[in-house]
Amino acid sequence: MPGKHITDQQVRLYKQYRQKNTLQIAAAKAGFSSSTAFRIEADPRLPSGRTKPRGRRRPDPLAGIFDQELVPLLKETPNIRAASLFDELMRRHPELGPGVRRTLERRVRQWRAVHGPE
């Protein structure tokens, strides 16, 4: 079907059916088109093994600021809220803008998961 990704299970079924059937019949039994079967024949890896992890789409706005300025604040006051950190960040660096708030919240949550109190 157009627009649907094939699963690992479908590829396993296809390979199983392909041992006794033609490419077109095995593809139909597995639930995808023969053109997809040709792609599987060219690259027999499972779909989960082909995907690449997604990287950052834009530069990190908190790259130098978080470790030097915000981590010491997190260490000395471990219960400080991310909103308070954001206010302090805006006071020190007004050029960042409000679009960095969610990035800051994610970074604080990740930092607390690794370095925060038990």
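## Helix 1 against helix 3

Val11, Tyr14 and Arg18 of helix 1 make contact with Ala37, Ile40 and Glu41 of helix 3, and sorted by character, the residues of this contact comprise four nonpolar, no polar and two charged. The model in which this contact is seen is a predicted one.

The axes of the two helices, helix 1 and helix 3, come within 12 Å and cross at roughly 85 degrees. Because angles of 65 to 115 degrees count as roughly perpendicular, helix 1 and helix 3 are therefore described as roughly perpendicular to each other.

## The two faces of helix 3

Helix 3, which spans residues 34–42, has Thr36, Ala37 and Ile40 as its buried residues. Viewed down the axis of helix 3, these buried residues fall within an arc of 105 degrees, so they line one face of the helix. The face turned away from that buried side carries Phe38, Arg39 and Ala42, which are exposed.

The cover over the buried residues of helix 3 includes helix 1 (8–18), helix 2 (23–30) and helix 4 (47–50). Of the buried residues of helix 3, Ala37 and Ile40 also take part in the contact with helix 1.

## The loop before helix 3

Ser33 is located in the loop between helix 2 and helix 3, and because its relative accessibility is 33%, Ser33 counts as partly exposed. Ser33 and Leu23 are separated by 10 residues in sequence, while their C-alpha atoms are 9.7 Å apart in space.

## The nonpolar cores

The largest nonpolar core consists of 15 residues, and those with the most contacts inside it are Phe66, Leu70, Leu85, Leu89 and Leu104. The elements giving two or more residues to this core are helix 5 (65–76), helix 6 (82–92) and helix 7 (101–115), with helix 5 giving the most, at six residues. When residues up to four places away in sequence are not counted, Leu70 touches Ile65, Leu85, Leu89 and Leu104.

Apart from this largest core lies another core, of 10 residues, which has Tyr14, Ala26, Phe32 and Ala37 among them. Two of these residues were already named above, since Tyr14 in helix 1 and Ala37 in helix 3 both belong to the contact of those helices.

Notes
Residues are numbered from 1 along each chain as its sequence is written. This is a predicted model: local features need pLDDT of at least 70, side-chain atom pairs count only at pLDDT 80 or more; totals for chains, interfaces and linings use all residues. Side-chain values use heavy atoms; hydrogens and water are left out. A nonpolar core is a set of buried Ala, Val, Leu, Ile, Met, Phe, Trp, Tyr and Cys residues joined through side-chain atoms within 4.5 Å. Buried means under 20% relative accessible area, exposed over 50%, partly exposed in between (1.4 Å probe, protein chains only). Helices (H or I, at least four residues) and strands (E, at least two) are DSSP runs, numbered from the N terminus. Contact means heavy atoms within 4.5 Å. The arc is that of the directions from the helix axis to the C-beta atoms. Axes are lines fitted to C-alpha atoms, for helices over the stretch in contact, and angles run from 0 to 180 degrees between N-to-C directions. Angles under 35 degrees count as roughly parallel, over 145 as roughly antiparallel, 65 to 115 as roughly perpendicular and the rest as oblique. Ala, Val, Leu, Ile, Met, Phe, Trp, Tyr, Cys and Pro count as nonpolar, Asp, Glu, Lys and Arg as charged, and the others, Gly among them, as polar.
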